[in-house]
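Hi,

Here is the structure I promised to pass on. Have a look at it first, and then read my notes below.

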Amino acid sequence: MIRYRLTCDQDHEFESWFQSSEAFDTLDKAGHLSCAVCGSSRVQRALMAPSVQGTSAPLSAKGSEVEAALAKIRQEVESNSEYVGLTFAQEARKIHEGEAPERAIYGEAKLADAKKLIEDGVPVAPLPFLPKRKTN
């Protein structure tokens with residue numbers, strides 16, 4: 001896994017994890033990257049320094065802005081879509097093929113299953129947060 005610092009054409013900065021540099025390039029070329037703050041699809045890697053362990057620095061104002069934007073995205077997703085858990089890939093494919101009612105869903109999928117959905121033209125995108133797992 002590799003973490004990239006990214007920036008959009010609106011000068012928002014955010015970070016995201018990718019399986020590899022090639023995975024980033026593939027998602028970028030397919031148009032599946034978007035700004036975590038404003039949703040712009042014009043995203044590129046920002047200049048990065050190597051990660052050095054040391055004292056933790058306080059969050060900047062931009063960090064707070066990004067955290068607030070991510071919290072808003074989470075709230076929108078959770079309020080306006082159905083959590084389907086680990087059956088996300090199967091349910092997304094059923095919706096795409098007309099075998100299940102069309103609706104907004106979110107959940108979890110294995111990387112290989114997510115890649116297959118994208119390759120098959122099923123409109124999916126990674127969320128910039130992990131879903132809260134439902135418990136008993």
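The largest nonpolar core in this predicted model has twelve residues: Tyr4, Leu6, Cys8, Phe14, Phe18, Phe24, Leu27, Leu33, Cys35, Ala36, Val43 and Val66. Three elements each give two or more residues to this core, namely strand S1 (2-8), strand S2 (13-18) and helix H1 (21-29). S1 makes the largest contribution, with three residues. There is also a second, separate core, made of ten residues, and Val84, Ala89, Ile95 and Val124 are among them.

Back in the first core, try clicking on Leu27. If you skip residues up to four places away in sequence, Leu27 touches Phe18, His32, Leu33 and Ile118. Two of those names, Phe18 and Leu33, you'll recognise from the core list.

Now for the strands. S1 and S2 run antiparallel, with six bridges joining them. Leu6 has Phe14 as its bridge partner in S2, and both Leu6 and Phe14 belong to the largest nonpolar core. The hairpin formed by S1 and S2 has four residues between the strands, and Asp11 there takes a positive phi near 65 degrees.

S1 pairs with strand S3 (residues 43-45) as well, again in the antiparallel sense, this time over three bridges. Here Cys8 is matched with Val43, its bridge partner in S3. Cys8 and Val43 are also on the list for the largest core.

One more residue to look at is Glu91, which sits in helix H3 (residues 88-96). Is Glu91 buried or exposed? Its relative accessibility is 14%, so Glu91 counts as buried, the cut-off being under 20%. What does the side chain of Glu91 join up with in a polar contact? The partner is the side chain of Arg103, at 2.7 Å. Leaving out neighbours within four places in sequence, Glu91 is in contact with Val84, Ala100, Arg103 and Ile105. Val84 is one of the residues in the second core, so you can use Glu91 to find your way there.

Finally, a word on confidence. The mean pLDDT of the protein is 83, and 85% of its residues reach 70 or more. H3, where Glu91 is placed, has the highest confidence, at 95, while helix H2 (residues 61-80) has the lowest, at a mean of 84. Where pLDDT is low, the predicted coordinates shouldn't be read in detail.

Cheers

Notes
Residues are numbered from 1 along each chain as its sequence is written. This is a predicted model: local features need pLDDT of at least 70, side-chain atom pairs count only at pLDDT 80 or more; totals for chains, interfaces and linings use all residues. Side-chain values use heavy atoms; hydrogens and water are left out. Buried means under 20% relative accessible area, exposed over 50%, partly exposed in between (1.4 Å probe, protein chains only). A polar contact is a pair of N or O atoms within 3.5 Å; within protein, one must be able to donate a hydrogen and the other to accept it, and residues adjacent in sequence count only if both atoms are side-chain atoms. Contact means heavy atoms within 4.5 Å. A nonpolar core is a set of buried Ala, Val, Leu, Ile, Met, Phe, Trp, Tyr and Cys residues joined through side-chain atoms within 4.5 Å. Two strands pair if DSSP finds at least two bridges between them. pLDDT is the predictor's confidence in each residue, from 0 to 100.
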